[in-house]
Amino acid sequence: MRSVLAATDGSLKYMSDTLVARDVVQRVLNESMGRGADFAEVFVEDRSNASASLDQRRIQELSSGRSRGAGVRVVVGETTGFAHTADLSESGLLTAARAAAAVAREGRGGVREVKLESLRDYPSRAEMSPADVPKAKKIELMMRADEVARASGDAISQVQVGLADSTRRFLVANSEGVFAADDQVRTRFAVSCVANGDGGMQTGYRPLAATRGFEFLTPESIEEAARGAAQQAITKLSARPAPSGDLPVVLAGGSGGILFHEACGHGLEADAILKQASVYAGKVGEQVASSLVTLVDDGTMTGEWGYLAVDDEGRPGARNVLIENGILTEYMWDYLRARKEGRNSSGNGRRQSYAHLPMVRMTNTYLLAGDADADEIVAQTPRGVYVAQLGGGQVNTATGDFVFGATSAFMIENGRITTPLRDCNLIGNGPEILKRVDAVATDFSTTPGTCGKDGQQVPVGCGQATMRLSGITIGGTAT
Amino acid sequence: MSELLAQAQELLARVGDGEEMEVFLSRGVETEVQAYQGSIENLSSSSSAEIGIRILIDGPQGARVGTAHAGSLDEDAIAEALFNARDNAHFATEDEFVAFARPDGVAAVSLSLCDPAVMATSMDAKVAMAIELEAMVRGGDSRIRQVDSANYSDYLADAAIASTTGISAALERSGAYVSVEAIASDGGEDQTGWGLSVGRAPGDLSLETAAGDAIRRATRMLGAVKPPSSKGVAVFDPRTAATLWTILGSALSGDAVVRGRSFFAGRLGEDVASPLVTLIDDPTDARHFAASPFDAEGLASRRNELIVQGRLQQFVYDTVSGRRAGVSSTGNAVRAGVSGSPSAGCRALQLVSGDCDQEEIFRRVGYGVFVESLTGVHSGVNPISGDFSVGITGLMIRDGVLAEPIREVTIASTLQRMLLDVLYVGNDVQWLPGTASAQTLAIDGVSLSGS
């Protein structure tokens, strides 16, 4: 590896453009294929993380992290061998290649010469790289958020602010000639508030996250997040227990997209499909949702939290229509699952880091906007629940049963938003709930999230406009 | 002294004037095998090493700490981490309570947490276990339609922590797991069940237990219905009860308490739970999978009684949260890997067992819901407000025995109420991976939301 240690702006950095030289990559791939394999891939990654936390009005800690390494996978028939190493020297990479290739026991023999295409290198679109931002500048923003949150009301007793950024450069090459590199810069800012009242404590939370540089964080957006988190906690002080049972639910634009991520997103991932472990297996061409539902997974949404120029297998990010007017049109694919079906990957092969195997993952998954008016949807709901913010969810793809949590919700009574409700989960079955989408508005927006699957975390985006479900089970305590 | 500890000690020589320094090193080797349809689907073997460095600078208003970590023990990675930790320290706010741990005279227990059989067992034998596990599940019941994944994994790891304030601790541990997810099918309806077995080495594992659990859980969910909404008793199996204790443990963190983020704050000495609840955190108990002689600051682990017969007795602290509260560390520093500073957390919770087994609890409860799995714990449980609402699957309990399976339902209450509403504690303790062991637990006053 060509890397030099240099000081810039008072911080040490490894300067390396290619991570690993082309001829080394070539030899590692040849070694990987040498014992007789159907496919081999080298993924080299260099990631820098920085985070800062503010708590109890103090900058508690700044933390920096650096991890560099490579993962090699070798596929023989239906078997994948994988090994990773933090040693990016040629000998370190060759050792990993031999370990991964050890699965090729039958030894089909014969060295195969891999022909790499010319490097496709995607530069970061970040305007202000995290490394170029003075730490004092980051702290200033965090202090400002703390002030604004505390000024939002006397009930605010605790404010936590977190800022994290990461720069992830990777190089991926495989035995079919793919040779691509990407620079991904992500920035995340979050405010958490606790409000204290007679009935105990309540919490408010607002995240801001994008695949962008520091330019993404403006004083205005930070102040709005701080006010939003504080207001949410204060409002919930007067919350009453959520109802228990089935009611119509209106989901505000943005975080409501988590509903689709859970209700069908995971079930449309080809690994679950090929193992017949999804309720959506074999349903292409069938009506699986209300005709108001057109669902898209889109890695090309520049700047969104789930944006990628190329996925972690070197396939360009793509816009894939999964459900069109309620009809299931397509699943999401990574290289391995697509290869089994003799088709192309859809650009959904992702991994948490070089130490993980890629698998089928969502990018930015969203419901296309409709033509209803958001306020009208509420006005036309005599009794129900209005969910202003969702806090995550979980699904069992084999049964389709899923939950999602409401971290800010209100009763709808006589077509008006009324009493705030305490936190609760909502539960439903994907294929049933998708059919109950009976109104979609025009006010589309997105929200960032972290998606966990088989122990791997990746950044994803979710989006939708204000929409209504004619009924779903609300997991509260009030009858 | 372990090689890693010697390396950590050596690095302390780089401390600067007016600084304190802490070095945390960890490394490990891991194997993971996934079997599918009688052959290997994925086989990965890997080794890793990591370093975390913390630099503390004292000032007139208190100390400041900066941290950095790296995924390699190469000299250039260490140099960069040290540079960044030092630079980061200058941006923290001075804080009179911030300090590194110092030896407190408590002797560490000697625990045997490492079984060399993890390394001595051949890769072929490990692969064979995953393949056999899958075959056992596929062949165990005609209604098993698919085995989504059958996994074997193990690790051998060692860690060392040393500081210029006198901390010097090292430990070694190993672990082996098998887990399997089965899909049972009947008349077009699918249900899933998950089984596992854990130990310190492959020889500790029971494929029969893992396979049997996955089959039983998947098949007995067949025919599940959505029950009507009601309010009553929920009986948690040991796995789901362990999740409850883990959540409650986070509210017993001294860190959460001193920051006003726990509903237990200000309630020491009060009756916060049913008299049946005696909750202990004891990482010195070798039966606990999370047992360890040291905490994440290198202080000796110790046994702490948190709730005794329903009365809140104490919280758990690391050095900094203890100083904020005016008490000593209870040996409860925890951290995620080598990055960042520690915080206070429960490490090895165990509830004192009751007098009856699971069947007896069903008999005593008569009518209620038996909870076998929880979903949406991260999205529907708020350990600050105490609000609790999760999706479950399980079975109804009627006339004191298990009846029809249920799905697409939630249960809800508040954590505060649930502790007071504990009706029965089983004697069927299970030592599970994670930070809590548990036994069957019956809780009253739980709302069930269904049709």
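How many helices and strands does chain A have? Chain A has nine helices and 24 strands, whereas chain B has 11 helices and 18 strands. The structure is a predicted model. The points below cover the dimensions, burial and charges of the two chains, then aromatic pairs, backbone angles and two residues of chain B.

**Overall dimensions**

- Chain A has 479 residues and a radius of gyration of 24 Å, which agrees with the value near 23 Å for a compact globule of that length.
- Chain B, with 451 residues, also has a radius of gyration of 24 Å; a compact globule would be near 22 Å, and the value for chain B agrees with this.
- The C-alpha trace of chain A spans about 75 × 55 × 35 Å along its principal axes.
- For chain B, the span of the C-alpha trace along the principal axes is likewise about 75 × 55 × 35 Å.

**Burial, contacts and surface**

- In chain A, 61% of the 479 residues are buried; in chain B, 60% of the 451 residues count as buried.
- When contacts in chain A between residues at least 6 apart in sequence are considered, 73% join residues at least 24 apart.
- The corresponding share in chain B, again among contacts between residues at least 6 apart in sequence, is 70% joining residues at least 24 apart.
- Chain A exposes about 16,900 Å², and carbon and sulfur atoms supply 48% of this area.
- Chain B has an accessible surface of about 15,900 Å², with 50% belonging to carbon and sulfur atoms.

**Charges**

- Chain A carries 50 positive and 58 negative charges, and the mean positions of these two sets are 4 Å apart.
- Chain B has 34 positive and 59 negative side chains, with the centres of the two sets 5 Å apart.

**Aromatic pairs**

- Eight aromatic pairs are found over all chains in a search of the whole structure.
- One of them joins Tyr366(A) and Phe444(A): the ring centres are 5.5 Å apart and the planes stand at 70 degrees, so the pair is edge-to-face.
- Tyr366(A) belongs to strand S16 (residues 364-367) of chain A, and Phe444(A) to the loop between strand S21 (437-440) and strand S22 (445-453), so the pair ties together parts 78 residues apart in sequence.
- The partners differ in accessibility class: Tyr366(A) is buried, at a relative accessible area of 7%, while Phe444(A) is partly exposed, at 30% relative accessibility.
- Phe402(A) and Phe404(A) form a stacked aromatic pair, with 5.8 Å from centre to centre and 10 degrees between the planes.
- Phe402(A) is buried at 1% relative accessibility, and Phe404(A) is buried with a relative accessible area of 0%.

**Positive phi angles outside glycine**

- Gln276(A) is not a glycine, yet has a positive phi of about 55 degrees.
- Gln276(A) is placed in the loop between helix H6 (270-274) and strand S11 (295-298) of chain A, and counts as partly exposed at 42% relative accessibility.
- In chain B, Gln37(B) has a positive phi near 50 degrees and is likewise a residue other than glycine.
- Gln37(B) lies in the loop between strand S1 (19-36) and strand S2 (39-59) of chain B, and is exposed, with a relative accessible area of 56%.

**Surroundings of Ala436(B)**

- Ala436(B) is located in the loop between strand S17 (422-425) and strand S18 (441-449) of chain B, where it counts as buried at 1% relative accessibility.
- Beyond residues up to four places away in sequence, Ala436(B) touches Ala242(B), Trp245(B), Thr246(B), His288(B) and Leu349(B).
- The C-alpha atoms of Ala436(B) and Ala300(B) are separated by 19 Å, and these residues are 136 apart along the chain.

**Surroundings of Ser44(B)**

- Ser44(B) lies in strand S2 of chain B and is buried, with a relative accessible area of 15%.
- Apart from neighbours within four places in sequence, Ser44(B) is in contact with Phe82(A) of chain A and with Glu30(B), Thr31(B) and Glu32(B) of chain B.

How values were computed: Residues are numbered from 1 along each chain as its sequence is written. Chains are lettered from A and ligands numbered from 1 in the order in which they are written. This is a predicted model: local features need pLDDT of at least 70, side-chain atom pairs count only at pLDDT 80 or more; totals for chains, interfaces and linings use all residues. Side-chain values use heavy atoms; hydrogens and water are left out. Helices (H or I, at least four residues) and strands (E, at least two) are DSSP runs, numbered from the N terminus. The radius of gyration is taken over C-alpha atoms; the globule rule is 2.2 Å times the number of residues to the power 0.38. Buried means under 20% relative accessible area, exposed over 50%, partly exposed in between (1.4 Å probe, protein chains only). Contact means heavy atoms within 4.5 Å. Accessible areas come from the Shrake-Rupley method with a 1.4 Å probe; for residues, only the protein chains shown count as cover. Lys and Arg count as positive and Asp and Glu as negative; His and the chain ends are not counted. The place of a charge is taken as NZ of Lys, CZ of Arg, CG of Asp or CD of Glu. Rings of Phe, Tyr and Trp (its six-membered ring) pair if their centres lie within 6.5 Å; planes under 30 degrees apart count as stacked, over 60 as edge-to-face and the rest as tilted.
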